[in-house]
Amino acid sequence: MKDALLRDALAEVQAEVDRRFDALLPVPDDARARLYEAMRHAAIGGGKRLRPLLVHATARLFDVSREAAGRVAVALEAIHVYSLIHDDLPAMDDDDLRHGKATVHTAYDEATAILAGDCLHALAFEVLADPATHPDPFVRAELVMDLARASGPTGMAGGQAMDLAADAAQKAGGAFDLGTVTRLQQMKTGALIAAAVEAGAILGRVADEGRVHLRGYAHDLGLAFQIVDDLMDVEGDEALAGKKLRKDGEQGKETFVSLLGIDRARAQSHLLVAQAIEHLRSYGHEADLLRAIARYVIERDR
């Protein structure tokens with residue numbers, strides 16, 4: 001990672017997210033201890049923390065307090081972590097490694113993993129609805145509504161359902177085309193990335209019409225992120241990734257790489273990042289971190 005601004009911001013956010021999860025998830029001295037330990041196993045340590053970083057990077061455009069941005073950032077990450085716990089389950093992707101650690105259902109058990117994901121999902125909205133996050137109840141309500149949309153059937157969970165349908169179609173001898181795969185990934189991966197950017201603008205009380213360029217940035221960034229994920233699944237190092245790679249190819253799943261080829265997919269990711277940065281042209285140096293994040297998406301190795 002060459003950009004010092006990004007390196008320092010990412011390190012700061014990673015440490016802050018861990019501190020906040022540590023404070024939010026004290027292990028009780030009762031029969032729920034195993035559940036809390038499973039939540040902590042998934043939430044603390046590891047992960048890029050891209051979504052929390054996007055919340056902070058957008059919030060700084062509008063002079064939002066660090067505390068408010070930090071609380072919203074950890075709520076977004078709670079949703080992301082819950083989704084990973086559930087994605088790794090035997091009924092979904094059936095993975096045994098995540099961020100270089102045993103997945104929750106492997107380290108604990110399947111029932112505990114399901115409940116840990118459920119609790120992190122609930123925790124996200126508890127944090128957003130708390131007056132400590134923002135004194136304005138209308139801001140809190142909009143934060144809750146936007147994250148609910150991004151994580152439910154019109155967002156992340158809906159994209160996951162389409163992914164499962166793609167598996168069924170492939171087994172039946174069919175396949176999703178590029179347009180369908182793009183829509184799937186916009187929902188499964190892109191929706192929560194967009195919610196992170198949107199959250200910073202909501203905290204800054206930016207009017208809906210004032211968020212158009214930020215939404216364009218988030219849209220292009222989310223697609224670029226997924227294309228690079230697909231490239232790394234083919235070319236990446238499992239030791240760096242901290243998870244099993246090349247599963248999509250082994251399962252015959254349609255991805256941006258299988259549909260476009262490696263060279264076209266890489267070129268498309270660079271084009272999308274350039275477009276994302278262009279969406280920020282009306283901002284000055286205060287948006288440098290958002291620009292650095294966009295460049296990082298195509299430079300990362302995990």
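Asp-88 is a good place to start: in this predicted model, the residue is buried, with a relative accessible area of just 3%. Its side chain meets that of Arg-98 in a salt bridge, with 2.8 Å from N to O. Arg-98 sits in strand E1 (residues 97-98), while Asp-88 belongs to the loop between H4 and E1, so the pair ties together parts that are ten residues apart in sequence. As for Arg-98, a relative accessibility of 17% puts the residue in the buried class as well, because the cut-off for buried is under 20%.

That pair is part of a wider set, since the structure holds 23 salt bridges. Side chains of opposite charge can pair when their charged atoms come close. Another case is Arg-211 with Glu-142, whose side chains meet at 2.9 Å, again N to O. Here the link spans distant parts of the chain: Arg-211 is in the loop between helix H9 (178-203) and helix H10 (212-235), Glu-142 is in helix H7 (residues 137-151), and 69 residues separate them. Arg-211 counts as buried at 5% relative accessibility, whereas Glu-142 is partly exposed at 27%.

Then there is helix H1. The helix runs over residues 4-24, and its 21 residues reach 30 Å from first C-alpha to last, close to the 30 Å expected at 1.5 Å a residue. At the N-terminal end, Asp-3 acts as a cap, with a side-chain oxygen 3.0 Å from the backbone nitrogen of Leu-5. Leu-6, Ala-9, Leu-10, Val-13, Glu-16, Val-17, Arg-20 and Phe-21 are the buried residues of H1. Looking down the helix axis, these buried residues fall within an arc of 140°, so they line one face of H1. The face turned away from that buried side carries the exposed residues Arg-19 and Ala-23. As for what covers the buried residues, the list includes helices H2 (33-43), H3 (50-59), H4 (66-87), H6 (110-129) and H15 (288-299).

H1 and H4 are also tied together by charge. Arg-66 forms a salt bridge with Glu-12, with the closest N and O atoms 3.7 Å apart. Arg-66 is in helix H4 and Glu-12 in helix H1, so to speak two distant parts of the chain, 54 residues apart. Both ends are partly exposed, Arg-66 with a relative accessible area of 35% and Glu-12 with 44%. The bridge does not stand alone: salt bridges with shared partners join Glu-12, Glu-16, Arg-20, Arg-66 and Glu-67 into one network. Two members of that network, Glu-16 and Arg-20, also appear among the buried residues of H1.

Methods:
Residues are numbered from 1 along each chain as its sequence is written. This is a predicted model: local features need pLDDT of at least 70, side-chain atom pairs count only at pLDDT 80 or more; totals for chains, interfaces and linings use all residues. Side-chain values use heavy atoms; hydrogens and water are left out. Helices (H or I, at least four residues) and strands (E, at least two) are DSSP runs, numbered from the N terminus. The expected span of a helix is 1.5 Å times one less than its number of residues. Buried means under 20% relative accessible area, exposed over 50%, partly exposed in between (1.4 Å probe, protein chains only). The arc is that of the directions from the helix axis to the C-beta atoms. Contact means heavy atoms within 4.5 Å. A polar contact is a pair of N or O atoms within 3.5 Å; within protein, one must be able to donate a hydrogen and the other to accept it, and residues adjacent in sequence count only if both atoms are side-chain atoms. A salt bridge is a side-chain nitrogen of Lys or Arg within 4 Å of a carboxyl oxygen of Asp or Glu.
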